[in-house]
Amino acid sequence: MNKRQIRATITAWVFILPFFILFTIFTVYPIIQGVWVSLNKWNLMGKQNFVGLENYKKLFTDDAFVGSLWHTIQFVLMCTPVLVILPLIMALFANRPVKYKRFLRISYYLPGVLSVSVISFIAKYTFAPYRGLVNGILRFFDVINTKSEILWFESTGRSWAVVVIMTIWWTVGFPMLLYLSALQDIPQETLDAAEVDGASGMQQLFQIKLPLLKPTILLVLMLQIIACFKVFGQIYMTTGGGPANTTRPLVMYIYQQAFNKNKLGYSAAMSYILFAILVVCTLLQFKLQKGEDEN
Amino acid sequence: MRKQKVTIKSFVIMIISVLLALVMLLPVVWALFCSLQQEGKQITTIWDWFLPPYTLMNYPDVLMGTSTLRWFINSLAVAVISTVLSVIISTMAAYAIAKIPFKGSKWVYTFFLFGLLVPGEATIIPMFILVHNLNLINTFSGLVLPSIAGSMNLLIAVSFFRGIPTALMEAVRIDGGSELTIYRKIALPLSKPIIATISIMCFIGSWNNYLWPLLCIFDEAKYTLPIGIPTLLSVERPDVVIPMTVNMVASIPMIIVYLIFEKQIVQGISMEGIKG
């Protein structure tokens with residue numbers, strides 16, 4: 001290396017160093033530290049003793065862990081299909097050349113800028129008995145009679161319905177915008193040419209738009225699966241995992257075991273199961289994106 | 001004949017698309033109208049929520065009578081500091097990776113790329129232990145530092161800087177200008193749109209962050225809004241008026257930011273999508 005190269009390398013590292021240090025300490029180190037924590041009995045006061053793979057063995061016999069993992073998978077299965085298809089429809093609506101398209105785009109995404117606490121409590125009051133909005137509307141349309149109340153948070157099925165509906169309402173805007181930007185990348189000439197050739201709106205949709213959107217659809221699918229596996233806040237604040245822990249997701253169980261039951265080692269072990277699932281999903285997503293780029 | 005059909009079809013689509021928009025807005029609009037009602041108003045049908053008399057008095061009540069204003073200021077401070085720091089350190093590092101030719105730049109880039117694989121939710125336990133050992137639990141530094149250590153902003157900035165032509169920078173370099181000058185006088189001004197986008201996304205992310213503040217802060221005076229709000233609302237209240245006012249106090253600034261910076265937000269999301 002000549003003098004100039006050495007100078008460049010030093011300057012570059014001065015620029016990189018602040019981020020590099022923070023990234024190493026707060027993003028990379030916890031992953032490694034977590035492995036060590038998961039091999040120990042560990043409480044909020046610090047390490048107690050080394051137990052090897054004990055925490056991992058315990059996982060598979062812990063019904064609450066298996067249950068919460070299963071609830072998370074249920075949540076993924078219920079939300080993902082809607083969160084792939086509904087935003088696509090919304091994007092097609094908002095992409096039409098009409099005067100109110102900005103209104104559509106803004107309304108579809110608006111819930112997405114609200115904080116998880118706000119949307120949780122809006123949902124809680126919306127689905128509350130007596131004064132809630134949903135029961136009020138149902139009563140207005142005579143779906144339920146004047147004196148009766150649906151207690152949304154009393155049954156597992158209805159609790160899931162609330163959680164899934166609010167999650168879709170809150171997060172549908174993000175994939176909608178991804179679709180919208182992909183739709184806007186489709187060259188107008190392509191669509192015009194199809195129009196001239198007499199292709200109907202439906203034909204244009206199924207034979208031109210959807211095939212061109214395939215990479216985006218796959219991307220949205222993977223991003224939604226990943227996001228749904230991480231679900232915590234809105235369930236924690238609305239159903240609280242209830243009734244009887246039947247809607248408790250994995251992150252909530254990890255949180256409770258660590259900070260209510262003081263079992264940090266065990267929680268760290270559970271975190272790695274989640275970590276493994278998410279890494280597999282992310283790698284799959286990268287692979288799908290790469291495959292699409294090459295085509 | 002065909003013309004007629006198209007019109008009916010587009011009319012139906014119009015109705016559906018606008019209805020869908022109204023459904024999306026309804027809960028927020030409802031919350032807004034609730035916050036304008038007098039506490040204790042008789043509600044017999046749903047229309048009563050939306051009809052006058054209105055009052056604005058709930059807002060001073062919430063701002064003065066609860067800690068909401070304090071949490072608001074905390075949230076704002078944390079969000080602004082996180083955003084400014086993240087933009088500075090991410091764009092500096094991104095500039096070096098994209099525009100200074102040096103040995104190991106590929107290696108560093110790949111190292112940061114791995115950051116995208118790390119889901120914050122899966123490392124909360126070791127993160128808590130680490131921040132605890134650094135004596136940063138219950139401090140704003142403990143909130144800010146982990147949140148600016150993610151590599152998404154950096155990777156977005158790298159891909160942007162790579163697109164800037166190098167010729168101008170080379171010219172300054174030959175004239176003896178330092179890299180810091182090039183970064184400040186050329187790279188940053190050219191990347192204003194991308195910085196705006198990164199900043200908005202970073203700000204919204206920090207403003208809405210829930211899980212980490214929940215673990216990191218236990219002193220009520222240091223709460224941010226997302227963890228403060230539930231403490232006000234979890235008590236079973238007979239009335240929704242004050243809770244909804246709290247919700248609106250927390251949301252109105254975000255909604256205004258969103259309406260002003262809608263373009264940057266849309267852009268930011270499409271970029272995060274590309275980066276994954």
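In this predicted model, H4(B) and H11(B) sit oblique to each other. The helices in question span residues 68–99 of chain B for H4 and residues 192–208 of chain B for H11, and they pack at an angle of about 140°. That figure falls short of the cut-off, since only angles over 145 degrees count as roughly antiparallel, and the pair therefore goes down as oblique. Their axes are 9 Å apart, and the crossing of H4(B) and H11(B) is right-handed.

As for who touches whom, H4(B) brings B:Ser75, B:Val78, B:Ala79, B:Ser82, B:Thr83, B:Ser86, B:Val87 and B:Thr91 to the contact. On the other side, H11(B) answers with B:Ile195, B:Ile198, B:Ser199, B:Cys202, B:Phe203, B:Ser206 and B:Trp207. Sorted by character, the residues of this H4(B)–H11(B) contact come out as eight nonpolar and seven polar, with no charged ones.

Turning to chain A, the secondary structure adds up to 13 helices and two strands. The chain is 295 residues long, and its radius of gyration is 24 Å, whereas a compact globule of that length would come in near 19 Å. Laid out along the principal axes, the C-alpha atoms of chain A take up a box of roughly 80 × 70 × 30 Å.

Burial and contact range fill in the rest of the picture for chain A. Some 41% of its 295 residues count as buried. Looking at contacts in chain A between residues at least 6 apart in sequence, 71% link residues at least 24 apart.

Terms used. Residues are numbered from 1 along each chain as its sequence is written. Chains are lettered from A and ligands numbered from 1 in the order in which they are written. This is a predicted model: local features need pLDDT of at least 70, side-chain atom pairs count only at pLDDT 80 or more; totals for chains, interfaces and linings use all residues. Helices (H or I, at least four residues) and strands (E, at least two) are DSSP runs, numbered from the N terminus. The radius of gyration is taken over C-alpha atoms; the globule rule is 2.2 Å times the number of residues to the power 0.38. A residue is buried if 20 or more other C-beta atoms lie within 10 Å of its own, exposed if 12 or fewer, and partly exposed in between; C-beta atoms are placed from the backbone. Two residues are in contact if their C-beta atoms, placed from the backbone, lie within 7 Å. Axes are lines fitted to C-alpha atoms, for helices over the stretch in contact, and angles run from 0 to 180 degrees between N-to-C directions. Angles under 35 degrees count as roughly parallel, over 145 as roughly antiparallel, 65 to 115 as roughly perpendicular and the rest as oblique. A crossing is left-handed if the near helix is turned anticlockwise from the far one by less than a right angle, and right-handed if clockwise. Ala, Val, Leu, Ile, Met, Phe, Trp, Tyr, Cys and Pro count as nonpolar, Asp, Glu, Lys and Arg as charged, and the others, Gly among them, as polar.
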